[in-house]
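Here is a short tour for anyone meeting this protein for the first time. Take a look at the model, then read on.

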Amino acid sequence: MTVTLDEVMAKLEAMGTEQTKKTFLRHGAQEPLFGVKIGDLKRLVKEVKKDQQLARALFDTGNSDAMYLAGLTVDPSAMTKELLQSWAQKAHWHMIVECTVAGVAAESPYALELAREWMASSEEMIATCGWSTYLHYISITPDMKLDNEELRRMLAIVESTVHQERNRVRYAMNQFVIVVGSYVLALHDEAMRVAEAIGKVNVNMGETACKVPEAAAYIRKVEAAGKLGAKRKTCIC
């Protein structure tokens, strides 16, 4: 039996808690939202994933919990470029930008096209979405299909501009260095050099205890765990 948008929204409201809502708000979320834990959102995936129109309708509600659920359930291969652009414009805080929209875009047919377009944006969240889309794409794409020369140019951009960039763009750029250093074996050494050069990247994380990972230290941990080059099956989670 197909569930309706109203039924899913009612379930989300029932699953939300004030404590989780307050936590998300401290991290930068905006109303409306119910405050549903990510683990609880995943419990609803089986009910929504067969209905792509429902998934898209969930995103269009503007409710943060519904938008995240939409990203877990929509089929990236069926997304149009125009719809992805619409999602990027509607995403109103960094979790939806960096996880939901970027993750779906990275698994879509327009991953690189949109990543390149968005990275050049004058809007902070759109540029952040671009860098996030590209780094997600790297994490799931075999090295032989990556453009290493482009990645080298992007590493050079990070090295020369990261500390002058906008807040969340700085975060995404730092993550980009980590991902290249961890997932692209041919560029591991170059990414480590850039990571050492940029050092600690300062990002305003709001009223939270979250810290920005130091790229070089993070890559070393991945190497110590023997996981360099181990690609992910999906970047949607």
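## Charges

In this predicted model, the protein carries 29 positive and 30 negative side chains. The centres of these two sets lie 5 Å apart.

## Helices and overall form

What kinds of elements build the protein? There are 14 helices and zero strands, so from the N terminus on you will meet one α element after another. The radius of gyration of the protein is 18 Å, close to the 18 Å that the globule rule gives for 237 residues, and therefore the protein is as compact as a globular protein of that length.

If you would like a feel for its dimensions, the C-alpha trace spans about 50 × 40 × 35 Å along its principal axes.

## Inside and surface

Of the 237 residues, 50% count as buried. Looking at contacts with a separation of 6 or more, 71% are made by residues 24 or more positions apart in the protein.

On the outside, the accessible surface comes to about 11,300 Å². Carbon and sulfur atoms account for 52% of that surface.

## A look at helix H12

Helix H12 covers residues 167-183. At 1.5 Å a residue, its 17 residues should span 24 Å, and the end C-alpha atoms are 25 Å apart, which agrees.

Is H12 largely enclosed or open? Buried here means under 20% relative accessible area, and 16 of the 17 residues of H12 are buried, so this helix is largely enclosed by the rest of the structure.

How values were computed: Residues numbered from 1 in each chain as written. Predicted model: local features only at pLDDT ≥ 70, side-chain atom pairs only at ≥ 80, totals over all residues. Heavy atoms only, no water. Helix = DSSP H or I, 4+ residues; strand = E, 2+ residues; numbered from the N terminus. Rg over C-alpha atoms; globule rule 2.2 N^0.38 Å. Buried < 20%, exposed > 50% of the residue type's maximum accessible area, 1.4 Å probe, protein only. Contact = heavy atoms within 4.5 Å. Areas by Shrake-Rupley, 256 points an atom, 1.4 Å probe, with all protein chains shown as cover. Lys, Arg positive; Asp, Glu negative; His and termini not counted. Charge placed at Lys NZ, Arg CZ, Asp CG, Glu CD. Expected span 1.5 Å × (residues − 1).
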